[in-house]
Amino acid sequence: MTPSRCDIGTGRFIFKALPSKTLDNPIFQVSIQTCYDRIQDDQPTPTFEENMKHHNGSVEVVTGSMFSGKTDELIRRLRRATIARQKVQVFKPAIDNRYNGEKVTSHAGSDYDALPIKSASEILSLLEPGTTVVAIDEAQFFEHEITEIVQQLAIRGLRVIVAGLDTDFRGEPFGPMPEIMAQAEKVDKLHAICMVCGESAARTQRLVNGKPAHYNDPVVIVGASELYEARCREHHEVPRD
């Protein structure tokens, strides 16, 4: 049952058609400002279904080093969107086959269904009618074309959630991530734990046979704990000789 109207009283909206215990569920909370504006303009109060839609597109970025919890945070947001009856689509680069080819999977084991794609341009062709939330994991592996696609999705009114490394193993900006972050409405940078000293870590250390990888090594080598670990600035090593 959806609310038929809401009253302004003591600074709170009361749903006339819902039991009180339901009001505590955040899914059923309606924007107070939207209700107020509609009442002032003598417009109908928004229905539950109306409030499940995004009225403005946006871009959110979850970034940080490896092992900082980026994918866990991405999955947390996706599950909340699903609870809120949003239609969610998740995309990941086909190159990332570390755990499951058709899921985004965190190092901690959490996962969510995803479509593996070889090119960012596939996102637009695979977008389904009614989708309101688009998530892109490991965005640093895509070509720079993805920055424009992310903006197109937001302009269409979709909520776009992007997760990816902000810097590569050298500690330098990684692929399209800097531009995506600069154009986003919200950016959250997460931190891991330095495997040397235990302090907060914002860098990714690549290891080859247990030793730091050379600066001239390839930027993209997909791997997990057998190749990488989190390091702080002081203990991040990238030999150039």
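**Exercise 1: Placing Ala163**

Find out which strand holds Ala163 in this predicted model, and whether Ala163 is buried or exposed.

*Solution.* Step one is to locate the residue: Ala163 sits in strand 9, which covers residues 159–165. Step two is to look at its accessibility. The value for Ala163 is 0%, so this residue counts as buried. Step three is to look at its surroundings. Leaving aside residues up to four places away in sequence, Ala163 touches Val62, Leu74, Ile136, Asp137, Glu138 and Ala139. One of these, Val62, is 101 residues from Ala163 in sequence, yet their C-alpha atoms are 4.7 Å apart in space.

**Exercise 2: The surroundings of strand 3**

Work out how many residues of strand 3 are buried, and which strands it is joined to by bridges.

*Solution.* Start with the count. In strand 3 (residues 58–64), 7 of the 7 residues are buried, so the strand is largely enclosed by the rest of the structure.

Next, take the two faces. In a regular strand, side chains alternate between the two faces of the sheet. On one side of strand 3 are Ser58, Glu60, Val62 and Gly64, on the other Val59, Val61 and Thr63, and all of them are buried. Both faces of the strand are therefore covered.

Now turn to the neighbours. Strand 3 runs parallel to strand 9, and 7 bridges join the two. Within this pairing, Thr63 has Gly164 of strand 9 as its bridge partner. Strand 3 also runs parallel to strand 10 (residues 186–190), with 5 bridges between them. Here Glu60 stands opposite Lys186.

**Exercise 3: Helix 4 and its Lys70**

Compare the span of helix 4 with the expected one, then say which side chain of opposite charge is nearest to Lys70.

*Solution.* First, the span. Helix 4 has 14 residues (70–83) and reaches 20 Å from its first C-alpha to its last, close to the 20 Å expected at 1.5 Å a residue. After the helix comes Arg85, with a positive phi near 65 degrees.

Second, the buried residues of helix 4: these are Lys70, Thr71, Glu73, Leu74, Ile75, Arg77, Leu78 and Ala81.

Third, Lys70 itself, which belongs to helix 4. The nearest side chain of opposite charge is that of Glu138, 5.8 Å away. Lys70 has no salt bridge, although it is buried. Not counting residues up to four places away in sequence, Lys70 touches Val62, Thr63, Gly64, Ser65, Gly164, Leu165 and Leu190.

**Exercise 4: Following the salt bridges**

Say how many salt bridges the model has, and describe the pairs formed by Glu60, Lys189 and Glu229.

*Solution.* Begin with the idea: side chains of opposite charge can pair when their charged atoms come close. The count for this model is 10 salt bridges.

Take Glu60 first. Its partner is Arg77, and their closest N and O atoms are 2.9 Å apart. Glu60 is in strand 3 and Arg77 in helix 4, so the pair ties together parts that are 17 residues apart in sequence. Both partners count as buried, Glu60 at 10% relative accessibility and Arg77 at 6%.

Then take Lys189. It forms a salt bridge with Asp166, with 2.8 Å between the closest N and O atoms. The two are 23 residues apart, Lys189 in strand 10 and Asp166 in the loop between strand 9 and helix 7 (177–183), and they link distant parts of the chain. Lys189 is partly exposed, with a relative accessible area of 41%, whereas Asp166 is buried at 7%.

Now take Glu229. Its salt bridge is with Arg231, and the closest N and O atoms are 2.7 Å apart. Glu229 and Arg231 are both buried.

Finally, look for a network. Salt bridges with shared partners join Glu60, Glu73, Arg76, Arg77, Arg159, Lys186 and Asp188 into one.

**Exercise 5: Checking the cysteines**

Explain why Cys194 is not bonded to its closest cysteine sulfur.

*Solution.* Recall that a disulfide is a covalent bond between the sulfur atoms of two cysteines. The cut-off needed here is 2.5 Å between the sulfurs. The cysteine sulfur closest to that of Cys194 belongs to Cys197 and is 3.7 Å away, too far for a bond. Cys232 is in no disulfide either: its nearest cysteine sulfur, that of Cys194, is 3.7 Å away. The total for the model is 0 disulfides. As for accessibility, Cys194 is buried at 3%, and Cys232 is buried at 8%.

Notes: Residues numbered from 1 in each chain as written. Predicted model: local features only at pLDDT ≥ 70, side-chain atom pairs only at ≥ 80, totals over all residues. Heavy atoms only, no water. Buried < 20%, exposed > 50% of the residue type's maximum accessible area, 1.4 Å probe, protein only. Helix = DSSP H or I, 4+ residues; strand = E, 2+ residues; numbered from the N terminus. Contact = heavy atoms within 4.5 Å. Pairing = 2+ DSSP bridges. Expected span 1.5 Å × (residues − 1). Lys, Arg positive; Asp, Glu negative; His and termini not counted. Salt bridge = Lys/Arg side-chain N within 4 Å of Asp/Glu carboxyl O.
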